[in-house]
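Me: I would like a close look at one part of this model, set in the context of its surroundings. Please give a connected account.

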Amino acid sequence: MSKEMQELQKQWHSMMQTIHTNSNVVSFMNSRVGQYLDDHPFVALSLLVFIAISAIPVAFFLIFVISTTIVACMGVIVIEGVVISVGGIALLCVLSGLGLLSLAVSGVLSICYIALSTLINYWHTPNSLVKKQEANGNSLLQSSPPVLDPSNKNTKSE
């Protein structure tokens, strides 16, 4: 591996150690929810994608509620209840759609992860395997393709 890749790997490992030693992370991972998410990574990925995608609609809804509350304080109390109810139903529909979208994105990400890890494992041959095959006289790459001998008499003529 190159020096840059080793340095990047050390930085990544240091960052992960910092996260894993954080007291809030440790207490969450020891809880029932943390244990469940640790045992079910697809659910954890789906939850993470859902939270990331739904942050903007929830923020818009909160801005909407605050603005309608201000208008209601000016005297439009009846309209506030109707508008917030309609807004809540609209938010429910948006979040339901985003939940389905997050499941689809998580499925695609999981499939991509499996495909890429399979390809990387296929392309990456460990050095110990190459040394074993060289010691046995086998090689992963043949130096040249087999040459057909034109003087071979075992071929059938039509």
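Is Cys93 buried or exposed, and what is its relative accessibility? Please continue from there to the other cysteine described, to Ser102, and to the lining of the largest pocket.

Reply: The model is a predicted one. In it, Cys93 counts as exposed, because its relative accessibility is 53% and the cut-off for that class is over 50%. Cys112 falls into another class: with a relative accessible area of 39%, Cys112 is partly exposed. As for sulfur pairing, the structure contains zero disulfides.

Ser102 belongs to helix α5, which covers residues 77-123. The relative accessible area of Ser102 is 3%, so this serine is buried, the limit for that class being under 20%. Leaving aside residues up to four places away in sequence, Ser102 is in contact with Ser46, Val49 and Phe50.

The account now turns to the largest pocket. Its volume is about 270 Å³. Helix α4, residues 41-73, supplies the largest share of the lining, with six residues. The complete lining consists of Phe28, Leu37, Pro41, Ala44, Leu45, Leu47, Leu48 and Ile51. In terms of chemical character, the lining has eight nonpolar residues, whereas polar and charged residues are absent from it. For a computational treatment of this region, the points to keep together are the pocket volume of about 270 Å³, the wholly nonpolar lining and the six lining residues that come from helix α4.

Conventions:
Residues numbered from 1 in each chain as written. Predicted model: local features only at pLDDT ≥ 70, side-chain atom pairs only at ≥ 80, totals over all residues. Heavy atoms only, no water. 1 Å grid on protein atoms, 1.4 Å probe; cavity = no way out; pocket = protein on both sides within 12 Å on 5 of 7 lines; lining within 4 Å. Points joined across faces, edges and corners; volume = space filled by probe spheres on them. Helix = DSSP H or I, 4+ residues; strand = E, 2+ residues; numbered from the N terminus. Nonpolar A, V, L, I, M, F, W, Y, C, P; charged D, E, K, R; others polar. Buried < 20%, exposed > 50% of the residue type's maximum accessible area, 1.4 Å probe, protein only. Contact = heavy atoms within 4.5 Å. Disulfide = S-S within 2.5 Å.
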